[in-house]
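Welcome, and please load the model in your viewer. We will go from one selection to the next, with a short stop at each.

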Amino acid sequence: MQNINFNFPAPIVDPSVETLRMDVRQFLADERRKGTFHPGADCWCAGIDTDFTRRLGQKGWIGVTWPKEYGGQELTALHRYVITEELLVAGAPVHAHWIADRQSGPLILQSGTKAMKEGILPRIAAGTCYFALGLSEPGAGSDLAAVRTRALPTEGGWQITGTKLWSSGAQVCEYMTVLARTSKVDENHRHAGLTQFLVRLDSPGVSIRGIRDMSGVEHFNETNFENVFVPDDAVLGAVGDGWKQITGELAMERSGPERFLSTFVALERAFSEMAAMPENSHQKAVLGRLVARIRALRSMSLGIATLLQNGQSPEVEAAIVKDLGTRFEQEIVEKLREFWPIFMSQNSGDDFQNLLSESLLRQPSFTLRGGTNEILKGIIARGLGLR
Amino acid sequence: MEQSDQLILDTAERIFADHCSADVVNAADSGHYPTELWGALKEAGLLLVWVPEAEGGVGGSMGLGFSLIRRAARYALPVPLAESLVANWLLAQAGLASGEQSNGFALALDALPELNNGELHGVVEGVAFASQVSQLAVPCLQSGQLTIALVNVDACEISEQRSLAGEPRSTVAFKGAVPLASGTVHSGGAIELARGMAALTRAHQIAGALEHIVTLTVNYVQERNQFGRALSRFQAIQHSVADIAGESALANAAVEQAARTVSQPDCEFDDALMAIATAKSVAAEAAGKVAQLAHQAHGAMGFSHEYPLQQYSRRMWCWREEFGSEFYWNQWLGQHVASKVSLTDEGGAWASIARAY
């Protein structure tokens, strides 16, 4: 009988990690005191503030793992982890740089040209250059291999035509990484013939339309590409490598603290409220349970960061974190309802009520974005040998 | 992990594989105590992992002991290996470490027995395997101080009962029993830490059982055919098994983190209990969810006594209650974190969570 055991090793923590954590915490406390931001739920998706992002860049806290010649600090993945979790629990408006810091920067570092690395990475690290993801389409959601955006070879480059959907923050972004078909669909190898391109969003033929989501935020976008010309060196890596690049990023994308901390700001406030109330042992047990699960999810997530740092690609473990973590950040809101009913719109009550209603209105997206939980369970089942 | 640790775990694994088949576990449930298995474990010195080398023990780390406990639970080991390890750890806390092999422990969750004028008085319920060991390590109070008394089993009144899993759980009454030895534990928070160690032991046992249930279920759904195909081909089954694996992974991450925390020589008391509370809470909750899902996936087969799933689900249902269920530890956590939070100073809850790695 084959044994199936998952492994979540302990990260190696050097003292500079905790020093950095305290620096970030102090910075955030100072910013709060100055009133430069107001804590929000789901801040890594809903909170866009380019001034705030620039100040983070000035502190040197974007792209911290990258080489110094490209604006990085050559710190470890754990340093980056600590920065991101402190930003998330503070509810800081970090969406502008989130995708570039987490995904696009590392992709350029791995597959980009020298010109991209020199011209773009230092500006991402400075907090002035932002990225959107061009993956989903009207006809391609969970089934991403069904993308219909095409790139046709032309004199000196490619012409891209198609529509990308749900790209967060595209209205402030300079670039989008666009997944496009570069050869015809082979029904036996549906993931072949896909290529990622680096596209400037001010290119002729690009039009962006904002989409308002159910929480009232307009960060989603529909982006149209009509015969948009990109030069040959806009290809990320090799032609046909698109699928490999996207799936290679998944362990990183799916296992980070943003997959279980999107509503933590509300829980932190709930603890403050509870501390001021008379003894209620049931309430303590409900909130205590949430703490236990956060701690356990964080152990898993940190374990994956350690595996990634060691050069492994724990895709199944990452899918587990995202499946459990995103359901959990929804559950926080449902549990808090027992003590603090949520029925008024945002900006109708006190800060705590606003955080709760924001969290509730945003929570349907948690278990959809970046791979639905049904897709994730399929990946876990495959990892267990069931399919 | 050190090479010597690996050797010890390999030895244990061999003994489990040779002497602890599913039939042996079911026979123990029917009253046939597996003396061969118990003898082999003693002979290999595995009960002495947490006894210092100077006292004739292994001098193993906390991590090694918990690994051993978790692996034993993967076999639903029906003998008091975990109990002996904890008993020897308790004795070592009181400076009573010895190479004696056959100790159990009697730790009350509420009122501890009292040691007055050299006589022990009190009752402890749910003592595991009391009749199967020769001595009990009994945490008790002597002038308000936590003391560990080593008591001969013959000096106690034992009324033997059975747990949900058919394992011995007895009510042990001390009516003036004179301990063979006793020693006071001087560190702060010693009572809570003793209970915490027992809770963490049960959490590791649950984690081991969860791992085995994942394996059992994955194998079963691949072998069992209905409607002309393996159960594993049905998406509803795939998702259910993914949920089982997820809860098991979460519990395992939590118990490993806790083992690491309590292993640190300079570990602060609060950090140790936070980690222990997390581990027991998450493991106990997983025990309930996974038992339900795994039995559902196994159909009627898993409900039979012959099929081994029940050996694990029944044990988990028992272990999740012992030394504090998830409800007990959740409340402890809520109380503890609330005490770190004030309305004026934001971020207290997070600061207490982020202390751990």
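How do the residues of the lining of the largest cavity divide into nonpolar, polar and charged? They come to 10 nonpolar, 1 polar and 2 charged. Keep in mind throughout that this is a predicted model.

**Stop 1: the largest cavity**

To see this site, select Leu77(B), Val79(B), Ala82(B), Gln205(B) and Trp319(B), which are the closest to the centre of the largest cavity among the 13 residues that line it. The volume of this cavity is about 110 Å³. Next, colour helix 4 (62-74) and helix 5 (81-93) of chain B; these are the elements that give two or more residues to the lining. If you would like to look for others, the count of cavities of 30 Å³ or more comes to 6.

**Stop 2: two cysteines**

Stay with chain B and pick Cys318(B). Is Cys318(B) buried or exposed? With a relative accessible area of 10%, Cys318(B) is buried, because buried means under 20%. Now show the sulfur atoms: the closest cysteine sulfur to that of Cys318(B) belongs to Cys20(B), 16 Å away, so the two are too far apart for a bond.

Move over to chain A and select Cys45(A) together with Cys43(A). The sulfur of Cys43(A) is the closest cysteine sulfur to that of Cys45(A), yet the distance is 9.4 Å, which is too far for a bond. Cys45(A) has 6% relative accessibility and therefore counts as buried. How many disulfides does the structure hold over all chains? The number is 0.

**Stop 3: the domains of chain A**

While you are in chain A, give each assigned domain its own colour: domain 1 (15-129), domain 2 (133-241) and domain 3 (256-383). Then place a marker at the centre of domain 2 of chain A and another at the centre of domain 3 of chain A, using C-alpha atoms; 31 Å separate them. Where these two domains are in contact, 6 residues come from domain 2 of chain A and 6 residues from domain 3 of chain A.

**Stop 4: a helix in chain B**

For the last stop, return to chain B and highlight helix 8 (residues 269-298), where Gln292(B) is found. Gln292(B) has a relative accessible area of 47%, so this residue is partly exposed. Finish by drawing a line from the C-alpha atom of Gln292(B) to that of Val172(B): the residues are 120 apart along the chain, and 33 Å separate the two atoms.

Key:
Residues numbered from 1 in each chain as written. Chains lettered and ligands numbered in written order. Predicted model: local features only at pLDDT ≥ 70, side-chain atom pairs only at ≥ 80, totals over all residues. Heavy atoms only, no water. 1 Å grid on protein atoms, 1.4 Å probe; cavity = no way out; pocket = protein on both sides within 12 Å on 5 of 7 lines; lining within 4 Å. Points joined across faces, edges and corners; volume = space filled by probe spheres on them. Helix = DSSP H or I, 4+ residues; strand = E, 2+ residues; numbered from the N terminus. Nonpolar A, V, L, I, M, F, W, Y, C, P; charged D, E, K, R; others polar. Disulfide = S-S within 2.5 Å. Buried < 20%, exposed > 50% of the residue type's maximum accessible area, 1.4 Å probe, protein only. Domains from an automatic or database assignment. Contact = heavy atoms within 4.5 Å.
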